[in-house]
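Hello,

I am handing over a structure for you to look at. Please open it first, then read the notes that follow.

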Amino acid sequence: MSTDTLSAASARHQKPSKTTFTYGTAGFRTLGSLLDSTVFRVGVLASLRSAKLGGKTIGVMITASHNPPQDNGVKVVDPLGEMLPQTWEPYATQLANSDNFEDDVRDLVAGENIDVEQAGLVVVGMDTRETSPQLLRAAVDGIEVFGRAKSFGELTTPQLHYLVRSHNDPAFGEPSEDGYNKKTVGAVAEILRLWNIQDPLEITVDAANGVGAPKLHNLSRDPIKITVVNDSTHDKSVLNVECGADYVKTNQKLPANVRPRDRQLYSSFDGDADRVVFYYTDGSLFHLLDGDRIATLLASFIDKLLQQAKVQAKMGIIQTAYANGNSTKYVQETLQIPVDFTPTGVKHLHHKAQEYDIGVYFEANGHGTVLFSDNLIKSLKNKQPSSPEEERALKTLLLLTELINQTVGDSISDLFAVLLALRIQNKTCVDWGRDYIELPNKLFKVLVKDRFAFKTADAERRLVEPAGLQAKIDALVAAYTRGRSFVRASGTENAVRVYSEAASAADCAELGARVCQLLEPY
Ligand code: G16
C-alpha cells in the first residue's frame, strides 16, 4: 500500500469536526459543504472494493437526488450496477467518521484480505448541484490512491449504474452515455415498429431542474418527442424546488410550470432521474399515478404478453409500507400476483425482486424497475413461436428486458415502458387511473432531536423504539375506518417520516396530524 500517497492525499481532505456521517438509504447525504472528506474517503473505499473483486469496475455517484439544492451525497455502485453490499456499508460509515483514517484503511485491507495492487477502474458521475464538481474531484483524488478513475461528468444516477455494468459486461451495452441512449431509443423504436405504431411517443416531463433535463433533450429524437419543463440546471437554487417527483408525490399537486390540458398524461422526474411519477387533471381534480400504479400497469402488461407468448413465469410485486392499501388489494385480488414487503430503499426491494423470474418493484415515490431473471431471458430466446401473435409478444418481452434498466430504477426507461404499455394496450391515463381507487393518504416530515432513536421492525411497519410509541399509534389507528399509519426515520434527510391513510381524506389528515403530535416529546 502506498501509505505516503494515502496520507498526502487525505491531508488535502480534512474531516469537519462535530459531524457524524452515516451511510443511509442511498449512501451519504448531508450539506454538500460538509462532504469533501467523506467523498474522498468513499473514493478510497471504492478502489478497495474494486481490488477486493479482482479489479472489476466500480461506480461512485455524487448526488443527493430529491434533497434540497444545498445538500449533496455519494454512493458506491457494485460491478453489476447493484448497490454496495450491506456488509460493506459499515466500512463506509467507519471510514467517513474515522480520526485514524490511514490505520482504519490498513485494518480494512488486512481484514478483508485485499491486494491493493488489484484495484481497477472506478467510474464517476455527478448530478448538477453547485457542490458536485468539487466533490467529484475529491472522489477522483480518493480513487487514485489505489486505483484508476474515469469521470463521466454529469449523468443521471441510472446512467452511472448502466456504465458500471457495461464496463464489466460488454454484452450489456456499449460503455458510454451514447451506448445507453442507443440501447434505450433502439428498444423503443423496435417495439413501436413491431406493433405498427406510427406516431411518436409524446409527453411533457417536469425534470425537477435536474440532470434528467439535458439527458432527455439528448434522447428526444424520432420516435420520441419529449417536451421538457423545469430544465434550468444553470440556476443551482431551483433544483427540486416546487417541482419534481418528490414534490408532486408528497404534496399531491402539480409542479410549477406544468399547465396541463385535461385528461392528458404528464410526468415528473426527481433531481437525479431515478424516480418518475405521472399525473393528469380532470377539471379541478388532480390524479396522481405513482409508483404503485406503475408497478400494476407494467405487471399486468407483462402478464398479458406472457400469455400471448405462451410462456410460464413466476412474477412477484415488491412494495414497501408506503404502498397504498388499495394497490396491494388490487395486486392480490384482481391481478392475483403475490406481493412482498421490504423496508424502504431500492437496495432492499431489488434483492427481493431477484427471487422471481420477473420481479416488479416500485416504491410509491416512483423509484423502481422490473427485473427479468437470466433463466427467463434464456427461455424467451429459445422459444419457437407458433403464431405471429406469439412471436410479437416474445420479441416485445425481450425488447422490454433491454429497455427497462435492469440495474436500478430509471426515470427515463420507466417513462418509456409506461408510455409503451399504455399505447400498446390502447389505454388512456384516465383508464389507468380507474384500475383501482386509492385510499386517501398523506406524508408528513417531522423534525426530531434524534432520528436514530426511531427503530422499526416488520418492513418498517412497526416501531420498536422509542418504547411504548407504537402502542399509542395503534390506539389512534384503531379509531379510523381502514386506518393505517407508521413512523420511520428517513435515511436521506434529517427527519422522521409519518405516513397515514384512511377511508376518507378528512380521517387520513386527522390521523396523520395526531400521529405527528405523538412525536412532539421527541
Ligand atoms: C432514496 C432511495 C429511495 C427512498 C428515498 C427516500 O431515493 O433510493 O429508495 O425511497 O431515498 O428515503 P428515506 O425515506 O429513507 O429518506 P432518492 O431518489 O432520494 O435517491
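**Annotated regions**

The UniProt annotation "domain: Alpha-D-phosphohexomutase alpha/beta/alpha", from an unreviewed entry, covers residues 57-89. Please keep in mind that this is a predicted model. Over residues 57-89 the chain is 36% strand and 3% helix, and the C-alpha atoms at the two ends are 18 Å apart.

A second UniProt annotation, "domain: Phosphoacetylglucosamine mutase AMG1", also comes from an unreviewed entry and covers residues 177-277 and 290-425. Residues 177-277 are 33% helix and 18% strand, with 24 Å between the end C-alpha atoms. For residues 290-425 the figures are 57% helix and 13% strand, with end C-alpha atoms 19 Å apart.

**The chain as a whole**

The protein chain has 18 helices and 19 strands. Its C-alpha atoms fill a box of roughly 65 × 60 × 40 Å along the principal axes. A compact globule of 522 residues would have a radius of gyration near 24 Å, and the 23 Å of the protein chain agrees with that. Of the 522 residues, 49% count as buried. Among contacts with a separation of 6 or more, 70% are between residues 24 or more positions apart.

**Around the ligand**

Which residues are closest to the ligand? They are Thr25, Ser65, Ser490, Gly491 and Thr492, out of 18 that surround the ligand. The shell divides into 10 polar, six charged and two nonpolar residues.

**Helix α3**

Helix α3 spans residues 89-97, and its residues Tyr91, Ala92, Leu95 and Ala96 are buried. These four cover an arc of only 130 degrees around the axis, so they lie on the same side of α3. An α-helix has 3.6 residues a turn, so residues three or four places apart point the same way. What do the buried residues of α3 pack against? Their partners are β1 (28-31), α2 (36-52) and α4 (101-111).

**Asp507**

Asp507 sits in helix α18, which runs over residues 505-518. Is Asp507 buried or partly exposed? A residue needs 20 or more other C-beta atoms within 10 Å to be buried. Asp507 has 19 C-beta neighbours inside 10 Å, so Asp507 counts as partly exposed. Leaving out residues up to four places away in sequence, Asp507 touches Tyr480, Thr481, Gly483 and Ala502. Ala187 is 320 residues from Asp507 along the chain, and the C-alpha atoms of the two are separated by 45 Å.

Regards

Definitions and conventions
Residues numbered from 1 in each chain as written. Predicted model: local features only at pLDDT ≥ 70, side-chain atom pairs only at ≥ 80, totals over all residues. UniProt positions renumbered as here; feature names shortened; annotations may be inferred. Near = placed C-beta within 6 Å. Nonpolar A, V, L, I, M, F, W, Y, C, P; charged D, E, K, R; others polar. Rg over C-alpha atoms; globule rule 2.2 N^0.38 Å. Buried ≥ 20, exposed ≤ 12 C-beta atoms within 10 Å, placed from the backbone. Contact = placed C-beta atoms within 7 Å. Arc of directions from axis to C-beta.
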